[in-house]
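I opened this notebook to record what I looked up in one structure. The entries follow the order in which I took up each topic.

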Amino acid sequence: MSAKAITEATGKDILNRHLNQHGAGAANCRFATVNADTDWSKLSADQPWLLSTPLVVKPDQLIKRRGKLGLIGVKKNFEEVKQWIGERINKDQKIGNAVGKLRNFIIEPFIPHTEAEEMYVCIYSHRSADTILFYHQGGVDIGDVDAKAVKLDVKVDSTLSLADVKTTLLKAITDASKKERIAKFIYGLYATFADLYFTYLEINPLVVTADNLYILDLAAKLDSTADFICRPKWGEIDYPPPFGRDAYPEEAYIADLDAKSGASLKLTILNRNGRIWTMVAGGGASVIYSDTICDLGGASELANYGEYSGAPSEQQTYEYAKTILNLMTSSPKHPDGKVLITGGGIANFTNVAATFQGIITALREFQPKLVEHNVSIFVRRAGPNYQEGLRRMRDFGSTLGIPLHVFGPETHMTAICGMALGKRPIPQVASVEFSTANFLLPGGQQAQADLKEANEAAGLGSALRSTTAQSIKLPPISADESDGSATTNHQQGQSNGANSSFNRKFFSNTTKAIVWGMQQRAVQSMLDFDFICRRDEPSVVAMVYPFTGDHKQKYYWGHKEILIPVYKKMSDAIHKHKEVDVMVNFASLRSAYDSTLEVLEFPQIRTVAIIAEGIPENMTRKLIVEANKKGVAIIGPATVGGVKPGCFKIGNTGGMLDNILHSKLYRPGSVAYVSRSGGMSNELNNIISKATDGVIEGIAIGGDRYPGSTFMDHILRYQSDPETKLLVLLGEVGGTEEYDVCAAIKDGRITKPLVAWCIGTCASMFTSEVQFGHAGSCANSDRETATAKNKALREAGAYVPDSFDTLGELIHHVYGELVKTGRIVPREEVPPPTVPMDYSWARELGLIRKPASFMTSICDERGQELIYAGMPISEVLNKDVGIGGVISLLWFQRCLPPYVCKFFEMCLMVTADHGPAVSGAHNTIVCARAGKDLVSSVVSGLLTIGDRFGGALDGSARQFSEAYDTNLHPMEFVNKMRKEGKLILGIGHRVKSINNPDVRVKIIKEFVLENFPQCPLLKYALEVEKITTNKKPNLILNVDGVIATAFVDMLRNSGSFTSEEAQEYINVGAINSLFVLGRSIGFIGHYMDQKRLKQGLYRHPWDDISYVIPEQYN
């Protein structure tokens, strides 16, 4: 929901900080807030005015008409206020149908005034304007404000003037000075309203005394989607739940997940102890499932409302499912058991298998509790990769220990509600679709026949039942087959939202589009659709992406690859592709406004689809005004788009190719629909394809309060199209656009049969207000309820089913009459061309396999969380294993003991650097001074590591371990190496000696001797050192030697490796890794040091070079 109510205290705090900046001249609102945790002594100390003035006290919980309900205490002192609150706080209060506890209160100073000084002001926004209401009387007994108040509309593209306020709103105010003050207040109030993205602001009363203006009672709503613009001015906003519904921590948790995600995650707890729980995918679908449950008598047992949509990740879906399952299994058991309805429409782009995997993980975690609470689970879903998702769910269900029934798109979307509530039989044959894209999977033919037979026996087959009570009366054929001229005449001069930009066909099989945003999957989906529609050329001719330079992107056109140009600037794309008249805008909610305004400057663009959800309403309204001026049609925002079968589709509309083929969207039918919901548009494609000859056009106008185009815009377009024979409207609770449709049916602008249903009928059955998945789906009056709109549509002459459950049946019935009367002549099916399946998708579906190019066994980044050798990165950090622990996981694929990890870290510390003179550091410094980058400089140093510098660890380990393993006495080993003329690697130092020992060696040696369970090779090396230092004092065991021998002792004696594994690590050169990693730290330090010191190019001095030139050339 975009328009969200705020508490009176929050509203007054915002006005205190901003109202008078616009010259309103109002007194600051003094107030104090109180709840159960309030320290009264501290409150009075912080706000001493509470002790010295008469007070007013009232609950601050979005309760309307508090005065009428006796919920305002007036002219009380501080002690009386404490008593008044004490008598009511945390006590049940019934208001209308809602029962809740009073928890939050606001205390204000009493403002002495007369009734004549009370006035009423209200500002609210709607599609085309902001309306200011003013009445010169206010207070509790104001009565019907709409009938009494003076009204002034401020059009979206206009500004408010003081003169307008005085002449229109303040006619009843005769005192010139008073009128001036009130006018300035209203002017400033409106400026604050617009600047801070309020959507509703009511003050009743506004008290106007001789010396000041006081805001007494206030109710307000903010456009929450404008948070990214207004947070610095708003501050942190807490949106309270409606009265009668407590705020649960689980709701706050899901809201936080939603805020951090590009997906949509919503949860409202309706009845904590209810037995019917839902986990529904899709904003529109979630409302329909709630409707159906309530229609079937489950309203009192419905525990929650919620939805997940917009392609949430597996981890996000897991968190969402876990939250619901925790709520479900922590409430008291129900004697009839509980049901979980995991439903959804046909997804456009959400990977069903991935989201189901998240749900399965949560179900597995809660399995014992689900059994304990006798839970039955009903699943229905479709969309990308749904076959794999349903298969996984079925396989898991066989091990769960409770009933789990799984269905796909062959089952009506809400059929599982009737099954869950015992109103409909549960089919015994697994409901499996056997095709993927245009591939028929093995064994599918017979299985499909069996399934169809079983479904027909259960009443779920494609032969839809005609149970509606409404008779089918069709208008004369002549009116239906008109050329649309009558409709066009009706459209001229209308004020209901239909405009000239809609008096045309939007899409054809030659439509060309530009896509804003690097949406490769959506573009490929559009091209695949073009190909199966047998278009001659791709519909997408260019893309715009301002974050890269101009380049080309590779896509598939059927079997071959093509290049589509990507431009940094919109102007370049437009000027180079004059044939384009559609833009599909995938810009984010923050940039969609600016990018759309930019494209409206180019006259060749006639249609813009805005996909982003969450664009602030003021911005959307300005876009609508600007588009109307330019004669441009806008589809969206918050939409998946639309589809013209056989011609063009917007972005991800229609979902995957398999669903497009199932729904026969590759060729036109006879039925045109308009819907708010993008997810439900896909479900309508499915329903219409089964009930009729298919869709001719379908548009999802978007779920925001102010979509760029209205139902009427599209319905009148369909009415004037002679190829369209049947209209379908899927409306919803909230708004009044459906009444424009009613009027058009009555006055003859709509003559074609219209099947309509408004979702959200369950809203009236809830005791408190529920905001459904779409921003616009909230009724602000009885007229905006789905029930009222369905009734009005039926009375106007539309065909309205009894519920969404029977929508397909009614469409089928009306279609049957159209066929029977000859208005529709079904055409012979033409199979679409085959489109090769993308390799990545075919592999995910398990249709193909190929050898992997790489194998890895140490790290996996594919899931929600990075995994090191089986340990999630969060666990790595929480266990504080350190860099030694990370080395143990990534190098050795196991958690090694703490002393080993400490040994690794000590080795890194002592090998990190040994001054600038050694070869590696010297090379790094020379490179850095030559202006090379960090990587090049460090690599030049690393390349010097070998047997002569730093890389003796592996050689030392091999020499000492071979000698020890063959039982050579240390003296025999020394003599053998001398006889072979080989140096003993790990013995000897240029500077250090027995008399000047290397402290690094001493530290590591002492740690190993003290902490390692056994260290025979190190002790052997120390015996060798005794022999070599007798010959020469600097032939000591050096850092390489001590690390190498201790490393071998760790491999052999820590208990973590087999003898074969230990030897393999020695053979592959793993021991040098510690020196390479450690010394990299020092090399980076030398690089940064040279850059910090701004050292110039290094040139070696001549006097340090011995020039030995052959004499004959001298």
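**Entry 1: Gly808**

I began with Gly808 and found its place in helix H27, which spans residues 807-820. I was working from a predicted model.

I then asked whether Gly808 is buried or exposed. Gly808 has a relative accessibility of 5%, and because buried means under 20%, Gly808 counts as buried.

Next I looked up a contact of Gly808 across the chain. Gly808 and Ala691 are 117 residues apart along the chain, and I noted a separation of 6.2 Å between their C-alpha atoms.

**Entry 2: The cavities**

How many cavities of 30 Å³ or more are there? I recorded a count of 2.

I took the largest cavity before the other and noted a volume of about 40 Å³ for it. Which residues line the largest cavity? I listed Ile346, Ala382, Gly383, Tyr386 and Pro409, together with Asp658, Asn659 and His662.

I also looked up which element gives the largest share of this lining, and found helix H22 (residues 657-662), with 3 residues. Sorted by class, the lining of the largest cavity holds 4 nonpolar residues, 3 polar residues and 1 charged residue.

I turned to the second largest cavity, where the space is about 40 Å³. I wrote down its lining as Leu15, Asn16, Leu19 and Asn20, then Ala26, Ala27 and Asn28, and also Ile215. By class, I entered 5 nonpolar and 3 polar residues for the second largest cavity, with no charged residue in its lining.

**Entry 3: The second largest pocket**

I then looked up the second largest pocket, for which I recorded a volume of about 1,200 Å³. Its lining consists of 33 residues. Which of them lie nearest the centre of the pocket? I noted Arg948, Ile987, Gly988, His989 and Asn1038.

I next asked which helices each supply at least two residues of the lining of this pocket. I found helix H35 (970-979), helix H37 (1016-1031), helix H38 (1039-1053) and helix H40 (1072-1092). The largest share of the lining, 3 residues, comes from H35.

Last, I sorted the lining of the second largest pocket by class. I entered 13 nonpolar, 11 polar and 9 charged residues.

**Entry 4: Review**

On rereading, I kept three points for reference. Gly808 lies in helix H27 and counts as buried. In the largest cavity, helix H22 gives the largest share of the lining. In the second largest pocket, that share comes from H35.

Technical notes: Residues are numbered from 1 along each chain as its sequence is written. This is a predicted model: local features need pLDDT of at least 70, side-chain atom pairs count only at pLDDT 80 or more; totals for chains, interfaces and linings use all residues. Side-chain values use heavy atoms; hydrogens and water are left out. Helices (H or I, at least four residues) and strands (E, at least two) are DSSP runs, numbered from the N terminus. Buried means under 20% relative accessible area, exposed over 50%, partly exposed in between (1.4 Å probe, protein chains only). On a 1 Å grid over the protein atoms alone, a cavity is a set of points where a 1.4 Å probe fits but cannot get out, and a pocket is an open set with protein on both sides within 12 Å along at least five of seven lines; lining residues have an atom within 4 Å of a point. Grid points are joined across faces, edges and corners, and a volume is the space filled by probe spheres set on the points. Ala, Val, Leu, Ile, Met, Phe, Trp, Tyr, Cys and Pro count as nonpolar, Asp, Glu, Lys and Arg as charged, and the others, Gly among them, as polar.
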